[in-house]
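Here are a few exercises to work through with the model open beside you. Take each task in turn, try it yourself, and then follow the solution step by step.

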Amino acid sequence: MLIPFAAAVVVGLVVLWPGGAPAHERTGVGFDRQMQSAKVTKVLELPCKDLNASQTPPNGDTSTAEGQSAQSRADGICKKATIEVSSGKDEGRTFHEIIQPDSPRQLRTGQEVVVAYEPKAPEGLQYSVTDVNRKIPMALLAGIFALAVVVVGRLRGLMALVALAISFMVLTFFILPAILQGSNPLVVAVIGASAIMLIALYLCHGLTARTSVAVLGTLISLLLIGLLGSLFIGWAALTGNTDDNTGLIHGLYPSIDMSGLLLAGVIIGSLGVLDDVTVTQTSAVWELHQANPTMGWRGLYRAGIRIGRDHIASVVNTLVLAYAGAALPLLLLFSIAQSSVGTVANSELVAEEIVRTLIGSIGLVASVPVTTALAALVVSADRSPAASVSGGVSGGTLGGTSGGASVTASSTARPSRGGGRGRRRKP
């Protein structure tokens, strides 16, 4: 089953390979601006009234946020920062940036920043600070993460990092450019996610029957997520165009199906958690078989599904809380506006995330019984002599374990009463 599927994925990668993102003329809006590196060389503190000559004078009303901001800009102390461009054709060029006292970003001398360049603007206004350069702390954090994974996970941790790098390459060099080239986002997402799944799972967990069961369970769950996503995204009339970024994408590439892009995001976003659930369930069933080789597939399924129920409860709660945490500013705005729960849920901006979360959760819930049943059927089908007298067989066989160790059944566990039916023993 999996060999033809893997072959189809390879064919899809070859046929839809984009060869790079299409070029376009920059709009100068949002992320579609020319960015350069720069450094703050000097910061002077001056009265705001000397620097904000063109500002509208305050009217004395400080009961609103606008009034408070105008008052602080008139009476407060502002900063005049000198910025030196450190990359691009204007390297060494300096310009000035005025930082208001109520600005959320306060610059300091020596700070690395990111500046936007607008060639059509007047010479003194071509550059402006857009963000802080965070490359060093981000790189340090990534290094700590990689070190922790390798120290704890050892070889498997190293393979997980390699799989992560490959997944990022598939996303960067195939999925994103192919969508920009006009390919169907759903087809691209399915092929790209399948490639990531095959590479990551087999690379991290080995070419064994256990891994193949996890792959098959993940594939079935992804198909369910795709079907439910197509149905409910269309039924709920979700356009996928809910913010400035998606609006800019649609403006630059009108041929992109934004609702299809939304569905593609649901599939790719669900893949990471699906891998965790299916691998865990498969490993649980294999370990149960190793502990009691006489247990039949029904007993293995019942024991495995009890483990899966705990996994379901924690994973679903994690997904909901992850969305709530990411959307906390948005939820605060709705709370300030005193909107009802129904009004909030009905808005497309929130409904899109609700549909995304619920569809992904349904796929995760379904993956537990599907993967557990597949694992129980496969591992209980091993009728070799070694399986009847030992607690495990080599990793390359049907009942393979990661360690490849073989321990006699008498030294690991006693067969439970009822054997293949998996009944619990009474005390």
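Before starting, one cut-off is needed: two residues are in contact when they have heavy atoms within 4.5 Å. Please keep in mind that this is a predicted model.

**Exercise 1. The overall picture**

Task: Describe the protein as a whole, from its elements to its contacts and its surface.

Solution: Begin with the secondary structure, which comprises 14 helices and five strands. Next, look at burial: 37% of the 427 residues count as buried. Then turn to the contacts between residues at least 6 apart in sequence; 69% of these join residues at least 24 apart. Finish with the surface, where about 23,600 Å² is exposed and carbon and sulfur atoms supply 64% of that area.

**Exercise 2. An open space**

Task: Which helices line the second largest pocket, and how do its lining residues divide by class?

Solution: Start with the volume, about 330 Å³. Now go to the lining, made of 18 residues; nearest the centre of the pocket are A163, L164, S167, A200 and D275. Assign the lining to elements: α4 (135-180), α5 (185-205) and α8 (258-291) each give at least two residues. The largest share is that of α4, with seven residues. Lastly, sort by class, which gives 13 nonpolar, three polar and two charged residues.

**Exercise 3. An enclosed space**

Task: Find the second largest cavity and say which element gives the most to its lining.

Solution: A search of the whole structure turns up two cavities of 30 Å³ or more. The second largest of them has a volume of about 30 Å³. Its lining consists of V277, H311, I312, V315, V316, L364, V365 and V368. Two or more of these residues come from each of α9 (297-326) and α12 (348-380). With four residues, α9 gives the most. By class, seven lining residues are nonpolar, one is polar and none is charged.

**Exercise 4. A serine in a loop**

Task: Where is S87 placed, and which residues does S87 contact beyond its neighbours within four places in sequence?

Solution: First locate S87 in the loop between β2 (77-85) and β3 (94-99). Then set aside the neighbours within four places in sequence, which leaves Q36 and S37 as the contacts of S87. Now examine the atoms involved. The side chains of S87 and Q36 are joined by a polar contact of 2.8 Å. With S37 the partner is a backbone atom: the side chain of S87 reaches the backbone nitrogen of S37 at 2.8 Å.

Methods. Residues numbered from 1 in each chain as written. Predicted model: local features only at pLDDT ≥ 70, side-chain atom pairs only at ≥ 80, totals over all residues. Heavy atoms only, no water. 1 Å grid on protein atoms, 1.4 Å probe; cavity = no way out; pocket = protein on both sides within 12 Å on 5 of 7 lines; lining within 4 Å. Points joined across faces, edges and corners; volume = space filled by probe spheres on them. Nonpolar A, V, L, I, M, F, W, Y, C, P; charged D, E, K, R; others polar. Polar contact = N/O pair within 3.5 Å; in protein donor to acceptor, adjacent residues only side chain to side chain. Buried < 20%, exposed > 50% of the residue type's maximum accessible area, 1.4 Å probe, protein only. Areas by Shrake-Rupley, 256 points an atom, 1.4 Å probe, with all protein chains shown as cover.
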